[in-house]
Amino acid sequence: MKLVRKDLEKDNAGQVTLIPEEPEDMWHTYNLLQVGDSLRASTIRKVQTESSTGSVGSNRIRTTLTLCVETIDFDSQACQLRVKGTNIQENEYVKMGAYHTIELEPNRQFTLAKKQWDSVVLERIEQACDPAWSADVAAVVMQEGLAHVCLVTPSMTLTRAKVEVNIPRKRKGNCSQHDRALERFYEQVVQAIQRHINFEVVKCVLVASPGFVREQFCDYMFQQAVHSSSGHKYALKEALCDPAVTSRLSDTKAAGEVKALDDFYKMLQHEPDRAFYGLKHVEKANEAMAIDTLLISDELFRHQDVATRARYVKLVDSVRENMGTVRIFSSLHVSGEQLGQLTGVAAILRFPVAELSDQEDESSSEED
């Protein structure tokens, strides 16, 4: 993401102009947008025209519109972002108050204005504009006949290809059909890797599988592999948790988040008075200045209710003020999906707070 201009007032009202450069930047943009924001960008509008003879035709005209955002639609796999709203600035082709949908895309500039830019969205801009935050890890999770090729970016796990080949069972005295199908499967996985992984950016490819599948695949991929329980996407977390892998990926945000979640589960098992989840419990732990690490899903900051969103932002700011660590998980990352099952907010405490653990857990629906 390229930051073109940032104009913020003392009360943090103002606007920023950005140019998304990578597909992942569309995910960052999705998280920056909120209902009620003002979005200005170039777009295509179908305009009806009437000639001097009275015939009516239509042309597609490129124009720049400023919309008051009403709905936001993001396609995570295609990284496409559509924003619908009403026109709030005079335009020769679009009436004031008329509805329009702007499709934001890479390498097209846009300007976003907010009544208040909070700490979470400002931090996201900093991260998005940092060139070090790139998709530098890829993964292949596989079993016989099934493989997923994924990119592990700082914000999401993107499934780039799914390979499925029917592998016949081995028969006594005749394994030729099985072996030929297995070789065909490996070849297709290699082709998928070549198509979907940019080795000029990717530092490491994880190859994970049960049994001896990964050992046979090493003939094609010359990469150190790790074990996982299956070839499905969720098995990627097991690979990322492996100490041998973690040491190689210690400089990536994805590994840091997985480790934080793993530490939380260990604490929940061995010292439950130091591992809380659910907004109400975590807030009370924060009041006691007990939070060492806050784990929170970025999905919570997309809440349409301003007061609810402000509550999460206040929690993040307060934990940092109390010298705690805040890890904001992406809801599109495998670790973020797991955190979402724990209401999206959890905390590892500096010291036990036993009196809170006896209270009834608040469900995610009640917190929303």
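## A tour from strand β16 outwards

Begin by selecting Leu294, whose bridge partner in β16 is Ala347; keep in mind along the way that this is a predicted model. Widen the selection to strand β14, residues 291–297, and strand β16, residues 345–349, and you will find the two paired in the antiparallel sense over 5 bridges.

Next, show helix α9, residues 306–321, which packs on the sheet and touches β14, β15 and β16, its direction making about 150 degrees with that of β14.

Now bring the whole sheet into view: it is an open one of 4 strands, in the order β13-β16-β14-β15, and its pairing is mixed. At the edges stand β13 (275–277) and β15 (325–329), and because each has a single partner strand, one side of each is left without a neighbour in the sheet. From one strand to the next, the twist averages 15 degrees.

Move on to helix α1, residues 23–32, together with helix α2, residues 119–128, whose axes come within 10 Å and cross at roughly 170 degrees, so that α1 is roughly antiparallel to α2. The crossing in which α1 passes α2 is left-handed. To see the contact itself, select Asp25, Trp27, His28, Asn31 and Leu32 in α1, which meet Val121, Arg124, Ile125 and Ala128 in α2; by class, this contact has 5 nonpolar, 2 polar and 2 charged residues.

Finish at Cys218, which lies in helix α4, residues 213–221, and which counts as partly exposed because its relative accessibility is 24%. Add Val207 to the selection: Cys218 and Val207 are 11 residues apart in sequence, and their C-alpha atoms are 8.6 Å apart in space.

How values were computed
Residues numbered from 1 in each chain as written. Predicted model: local features only at pLDDT ≥ 70, side-chain atom pairs only at ≥ 80, totals over all residues. Heavy atoms only, no water. Buried < 20%, exposed > 50% of the residue type's maximum accessible area, 1.4 Å probe, protein only. Pairing = 2+ DSSP bridges. Axes fitted to C-alpha atoms, helices over the stretch in contact; angles between N-to-C directions. Contact = heavy atoms within 4.5 Å. Parallel < 35°, antiparallel > 145°, perpendicular 65-115°, else oblique. Left-handed = near helix turned anticlockwise from the far one by under 90°. Nonpolar A, V, L, I, M, F, W, Y, C, P; charged D, E, K, R; others polar.
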